[in-house]
Amino acid sequence: MKSRVFQKIYTHIENITKATCTIAADGITNEEMAFVAGRPAQVVKIIGNRVTLQIFPGTRGIPTDAEVVFLGTPPVLKVSDDLKGRFFNAYGSPIDNGPAVDGEEREIGGPSVNPVRRMQPSELIATGIAGIDLNNTIVSGQKIPFFADPDQPFNQVMAEVALRAKADIIILGGMGMSNDDYLYYKNTFENAGALGRIISFMNTTENPPVERLLVPDMCLTAAEYFALDSSARVLVLLSDMTLYADALSIVSNRMDQIPSKDSMPGSLYSDLAKIYEKAAQFPGGGSITIIAVTTLSGGDITHAIPDNTGYITEGQLYLRRDTDISKVIVDPFRSLSRLKQLVIGRKTREDHPHLMNACVRLYADAAGAKTKLENGFDLTDYDRRTLDFAREYSRELLAIDINIEIDSMLDTAWHLLGKHFTREEVAIKQEVMDTYWVQ
Amino acid sequence: MSTHGRVVGIVANLVTIEADGPVAQNEICYIDLNGTKLMAEVIKITGSLAYAQVFESTRGLYVGCTVEFTGRMLEVTLGPGMLSKSYDGLQNDLDAMAGVFLTRGEYTPAFDENAVWRFAPLVRPGDTVRAADWLGSVREGWIEHKIMVPFDFEGAGTVVSVVPMGDYRACDTIAVIADAGGGERSLNMIMRWPVKVEVRGYADKPRPFKIMETGVRAIDTLNPMAEGGTGFIPGPFGCGKTVLQHAISKYAEADLIVLVACGERANEVVEIFKEFPELDDPRTGRKLMERTIIICNTSNMPVASREASVYTGMTIAEYYRMMGLKVLLLADSTSRWAQALREMSNRMEELPGPDAFPMDLPAIIANFYSRAGFVNLNNGTTGSITFIGTVSPAGGNLKEPVAESTKKAARCFYALSQARSDSKRYPAVDPIDSYSKYLEYREVIEQLDTTVEPGWVNKVVQLKDILLRGKEARDQIHILGDDGVPLDYHVAFNKAEIIDFAILQQDAFDPIDASTPLVRQQYMVNTVLDLCSSPFSFDDFEQVGAYFKHLINILRQMNYQEFMSERFKALETELAAALSERRAR
């Protein structure tokens, strides 16, 4: 970040909180960047000549006579093809010992896409994981989070999905990511020889939490550059959005805003939507797809963060440990991809939607049978067959270590249905049954 | 001279302005940011300070920016040319905007005021007219678009002159009318109206008395919506609120659909943009887009114009209602609108009500729902606005302020249930929790007796009873086990399953099953009731399940076939055979 030639330096801070400081200054613009005692800060409130700055690294040790220098511009990222293969911090400065990237300066957190200019997402993103491709197909231009408990292997699954998804550019945004996970991603991408198409903006647990607020916007500004200027298919991975929202609540708390549900700011929905809605299919062929992680506390999805996220994103994916097969599976009940209708049965085989629904319905019957069993009731023959089906369905399709083509997922599913059920029990549209039913 | 001012404070999109003259609450002003005009609405005034919510991002704004007040409230422009358009929450034509991204300060006209229309007069000089009376009509697409006396015209007036039939631009004078005091007013085809004020000028608003077909069985059969009625669809995310609302918008029996995408996902609107111009309206054969106006203020667009968007939609609907049209207004989601209110209330540091929503939220919601309704116009014709809003309750819990306030205001309640959605029983409308108050209206019952069949509402009640008994039986089976309950419980449970699979569940993505005309719903209800009233005999409960699964499969296949086609009739025969097999014993 360069400084202006004639810049005023202020040295009288009136008020300091844990995350903000207030000074008297004139001619300051809203959301402008500044340095307070050399620390990056942003204008968040102006009342008369009282300017409140949010200091990203925190205010610890800042004296009232610290130098405050205003930069006159909102936060920017220099974009060019040189971003590829590089690792940056939340301000867009390199952390991989490489040179600074030169390029066109773009404001981060820019305007929204005109909805009438968006294209309808229609390109399937195959991951090889049947729990996703078969039941919750992901489409380019979609935004979908994993709702996961912190102990679940979501980072491994995301890295796997990113590598298999055949995106032109993968942008990884880390918010409060542990250093170990950061290194895991780095090594996985390196080992796969994919570093050339990776860009990473990283705020680890070692960095101040408020800095996280910049990470998604940095990622998405870079993503828009590639998706629009070179029509690339960009996949953005954001982990972990819960820690991002926590940072929002820290700032709003410091600014004396009235908290709404779960101590979150009242604007949480809009704040999250601004990020997720950057996912889009552009007219020029480029696209931005966002796969995020929202960690839950004890699986509670009624908490404000997952709740608001669920209303914004196009579905959500849940991981669950299936004790019957002792593997992690993609939970078919609660997981949902809202855009799957745009591709299943169109880009995939015609039987896909019917088959998928029938399998999940029968899997639900198995869950009912299991409850009966646990309560000590006798099982019917049908109950026993659903349980057998559920176990094999889980092992051969839902487990996250599955990596097969969609057609073979469908064939496997038909095979399982034929093995355990009669045509009536499956109750799929007749024409589809006639073509695909295997005894 | 109009009032001016300068910006003295900025907190997110709330701007404090020092004004040099009179300022009205809800007045619109424009803030000059280096030549770009940003629109804002005054929401609080203290002394010479006006607090305004800006309808745009306030990035880069500084203390000292000049402000110009307009002396008007937030208004929409009404006239021919709005049909099939896509607007943002402030009625800017989205298609007219350049560029992939929305540019701050770019405001586009709602329609072309220079477009030429063939005007046919409906009044003669000397006629007495009042606000909203029809002066003439132009043909807008397939609608006879009435050119009306401006809604703000006071008292009775006299037509001084009116142009003969011919081609005129929307902005040309087509009539001159004189008010009671003799003052003359030249009128063109365009008028403006503040969105937060209801358009009156109709004779009266009777109780809704006839049902409005939506093609969705879980609504039409079990909990019908009335023309001019109000309803809401609450449900946790992932339960199919939007899919259900889209289904209603596609197949509902309305002249005009106004869809308000309020703070929801952009890709959902894109789906409408893409599908509606291609899909046929099953009733008229025209494209769906020809009867649709979209107000689209997605979640990432500025929050203040999200609040405005529902009012913009309602006002446009009211304008068309005054032409004697049947308008269906859908808003997805009213919770986002309420959240926009909350964000502003919070920034103004008002004392919060429950969940930090503003204290007057219930009043605001009730007031909005009350603008829907069936009306008798002064000239003896009728018009209506049927309003269905979705509610996205936080955490899926209906005990939250928006859902509770809406429940008091709306007459139909379509509860979407997580459990139904989890087991892919779509639409996930819970048959037991949902209700339609219109089923209790004497007018509606009488109308159903004549249009469907005598005693129809009794049949609906029977269906609901069977569903409730089925639910109770299922609970008992879960507690006591399959063989711990009498066989009758299994039969009761499976009868409810038949209603569930054959009537409630509907495949929104199947070309035939997606929409069911009322006559076909009637057939299915009679078939199912006949089946449920049959005495069956079984030896054990395993037989019960298997037998009913067989029946359900036949009924489901029937839903996928053209009504009364060969294949349909074959299934009918198969069903009869299956029935006699068990009945014979």
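Let's begin with strand S1 of chain B and its neighbour S6(B), residues 66-73: the two run antiparallel and are joined by 3 bridges. Keep in mind as you look that this is a predicted model. To find a spot where these strands meet, look for Arg6(B), whose bridge partner in S6(B) is Thr66(B).

S1(B) has another antiparallel partner, strand S2 of chain B, residues 14-19, and 6 bridges join these two. Val11(B) is matched here with Leu14(B) in S2(B). S1(B) and S2(B) form a hairpin, with 2 residues between the strands. If you zoom in on the turn, you will find Ala12(B), which has a positive phi of about 50 degrees.

Now follow S1(B), residues 4-11, across to the other chain. It pairs in the antiparallel sense with S5(A), over 3 bridges. A good place to see this is Ile46(A), which stands opposite Ile10(B).

That pairing leads us to the contact between the chains. How many residues does each chain bring to the contact? Chain A gives 64 residues and chain B gives 64 residues. On the chain A side, several elements supply at least two residues each, among them strand S5 (39-47), helix H8 (352-374) and helix H9 (381-398). The largest share of that side, 6 residues, comes from H8(A). Sorted by class, the side of chain A that touches chain B has 27 nonpolar, 20 polar and 17 charged residues.

Let's stay with chain A and look at how helices pack. Two packed helices are described by the angle between their axes and the distance between the axes. For H9(A) and helix H10 of chain A, residues 406-420, the angle is about 165 degrees and the axes are 10 Å apart. The two helices are therefore roughly antiparallel to each other, and H9(A) passes H10(A) in a right-handed crossing. Residues of H9(A) in this contact include Phe389(A), Tyr393(A) and Leu397(A), while H10(A) offers residues including Met409(A), Ala413(A) and Leu416(A). The residues of this contact divide into 6 nonpolar, 2 polar and 4 charged.

Chain B has a helix pair to set beside this one. The axes of H4(B), residues 303-321, and H5(B), residues 334-347, come within 8 Å and cross at roughly 130 degrees. That angle makes H4(B) oblique to H5(B). H4(B) passes H5(B) in a left-handed crossing. Among the residues that meet here are Val303(B) and Val310(B) in H4(B), and Trp337(B) and Leu341(B) in H5(B). By class, the contact has 6 nonpolar, 1 polar and 4 charged residues.

Another part of chain B worth a visit is an open sheet of 4 strands, in the order S10-S13-S15-S16, with antiparallel pairing. Which strands stand at the edges? They are S10 (128-129) and S16 (184-187), and each has a single partner strand, so one side of each is left without a neighbour in the sheet. S10(B) pairs with S13(B), residues 157-162, over 2 bridges. Here Val129(B) stands opposite Gly157(B). In a regular strand the side chains alternate between the two faces of the sheet.

Finally, step back to view chain A as a whole. It is divided into domain 1 (9-70), domain 2 (76-107 + 140-313) and domain 3 (352-436). The C-alpha centres of domain 1 and domain 3 of chain A lie 61 Å apart.

Notes. Residues numbered from 1 in each chain as written. Chains lettered and ligands numbered in written order. Predicted model: local features only at pLDDT ≥ 70, side-chain atom pairs only at ≥ 80, totals over all residues. Pairing = 2+ DSSP bridges. Contact = placed C-beta atoms within 7 Å. Nonpolar A, V, L, I, M, F, W, Y, C, P; charged D, E, K, R; others polar. Axes fitted to C-alpha atoms, helices over the stretch in contact; angles between N-to-C directions. Parallel < 35°, antiparallel > 145°, perpendicular 65-115°, else oblique. Left-handed = near helix turned anticlockwise from the far one by under 90°. Domains from an automatic or database assignment.
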